[in-house]
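Student: I would like a close look at a single part of this structure. Please take one residue and go through its surroundings.

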Amino acid sequence: MPLPGEGDAWRGSRLQFLTWDRTPDDIDSPEHRSRQAELETRAGASFHPTAYVAADAAIFTTRLVLGEQSWIAGHALVRGDVTFGAHCTVNPYAMISGKVTCGDGVRIASHVSLVGFNHGFDDPGLPIYRQKHETLGITIEDDVWIGANAVVVDGVTIGRGAVIAAGAVVSKDVPPMAIVGGVPAKVLRYRGQGRRNATRAQLQALGERARAQFQDILRRNTHEGEYLSRENHGSARMSIRHLCDAVEIATGFASLPDGLDIPATIARLQAVQDPETGLFPDPYQPPRQGVAMRNDGLALYNVLAVGYALEVLGSQPLHKVSAVELSAPDLCQWLESLTWRERAWGAGADVDTMGTALYFNARYFSTGHARQTLFGWLALNQDRASGLWGAPTKDQGLLQPVNGFYRLTRGTYAQFGIAVPRPDAAIDSVLLNHRNYGGFSGPAYTACNLLDTIHPLLLCLSQTDHRRAEAEAIARNVSARAGERWVDGEGFAFADGQGPGLQGTEMWLSVVHLAAKILGEDDAFCFVPKGVHRTEAVGLGLC
């Protein structure tokens, strides 16, 4: 038998934490009504007759409104100017500060922090504690669930029906019905839609924005009739690549840059090619003394940039790329001289050029046995454990060989429609590299690093379902974040801290297309790369 009063004490303690157990008798008890009366006097509170405040709740408001069937649990802290509509719940140890306005049906889990004010800190010459507070307020619309340990900062509006995942830090407005999570919080999907529908909606929305704006973006990136890339203008050298990027962006939307003179552009691009080697030295750069054109990175990359731009304009290179039509010993010597140990990305880029040049030769001119030599060397030199070519480095780990894998396979296996050896091992390495770099968050979240992740996954998943779910999760994340990176009227920046430009815009649009293709949702995204980042093999084979 409980001692006299013991049952009441146990129930009172229970109601501090399991406040949903309150009954009409608890609400109407003299002790509770007395507590509410004191809060009305001391804390500017007003209560619906069915509202309840647990005894150990810390209420230090200048104004508090608690609506019908709403309650605040014990050990919660509520201070400032706070309004709750009907059927709102505040669980133990939640902290609500500043100006916070909640609609109906808002559920606030334990250890949530809603901070509806901010300390000033802009003046570095004045101690922070002496700077003025700012209050924009937090608005939480109806039917919102905020998970445990989430933080919502001042100035945020959370739309109707949203769900905030546990541990999220919400620093931007949340759309209605969105499910957000992470630090900072990002839209993961939307309620009432499966992940597929949410991804399709994101892809469609971004595609339509980009299609409506790309001509203005191309015009923005011109100077005295020349295309330039804003992220490079002023601090980096000019390049014929920027004209090629403009052509790639427009043709990805089944269009052309406004005002483009196609015959004149074709003639200009064809004139870049060196008749003797077939390579494409950049016309903006003087020849490097003592450096063979075969070692000039721009001359090699322009095989891709210029060559594909000519193709999408309905033309072709004028000359065979004789620089890659080498005997087997000479080609193997070239391959073995590349930077496989210290800079596998650069080595892979050179192989990309070789493969692409051999494609142009096979399609438009003639070719010998260099392709067979190239693929034979690659088969013998792939690392059996990692599925990659080249070695990891002390400072960057797998980053160089993974990024090199993209460039190498793009111009060879993907180009000719040939199966990649050891695709499961390659997928393991790409996913490990992605994880080691934290999903390429922060400064590492660049078009290059994401392209060099997404393309290898897509290529290998055409042969295997190995770890497909993990690859699809990355693709969904890329699709969800892309819309937030797009700058209206300017496009994509290649990397955080840079301005949007042609290079970043073309590469990120291609990344999103590739991510959509992994998910089988590429029909929802209206940009389809036709040149450097195209995904359809030409099917010329090795013979």
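**A residue in a strand**

Tutor: Thr61 is buried, with a relative accessible area of 6%; buried means under 20%, exposed over 50% and partly exposed in between, with a 1.4 Å probe and protein chains only. The model is predicted, so local features need pLDDT of at least 70 and side-chain atom pairs count only at pLDDT 80 or more, while totals for chains, interfaces and linings use all residues. Residues are numbered from 1 along each chain as its sequence is written, and side-chain values use heavy atoms, with hydrogens and water left out.

Thr61 belongs to strand 3, residues 58-66; strands are DSSP runs of E with at least two residues, numbered from the N terminus. From this strand, the side chain of Thr61 reaches the backbone oxygen of Ala43 at 2.8 Å. That is a polar contact, a pair of N or O atoms within 3.5 Å; within protein, one must be able to donate a hydrogen and the other to accept it, and residues adjacent in sequence count only if both atoms are side-chain atoms.

Ala43 also appears in the list of residues that Thr61 touches, where contact means heavy atoms within 4.5 Å. Leaving out residues up to four places away in sequence, that list holds Arg42, Ala43 and Gly44, together with Val78, Arg79, Gly80 and Val82.

A separate feature is the largest cavity, and Arg241, Tyr301 and His533 are among the residues that line this cavity. Helix 5 gives the most to the lining, with four residues.

Technical notes: 1 Å grid on protein atoms, 1.4 Å probe; cavity = no way out; pocket = protein on both sides within 12 Å on 5 of 7 lines; lining within 4 Å.
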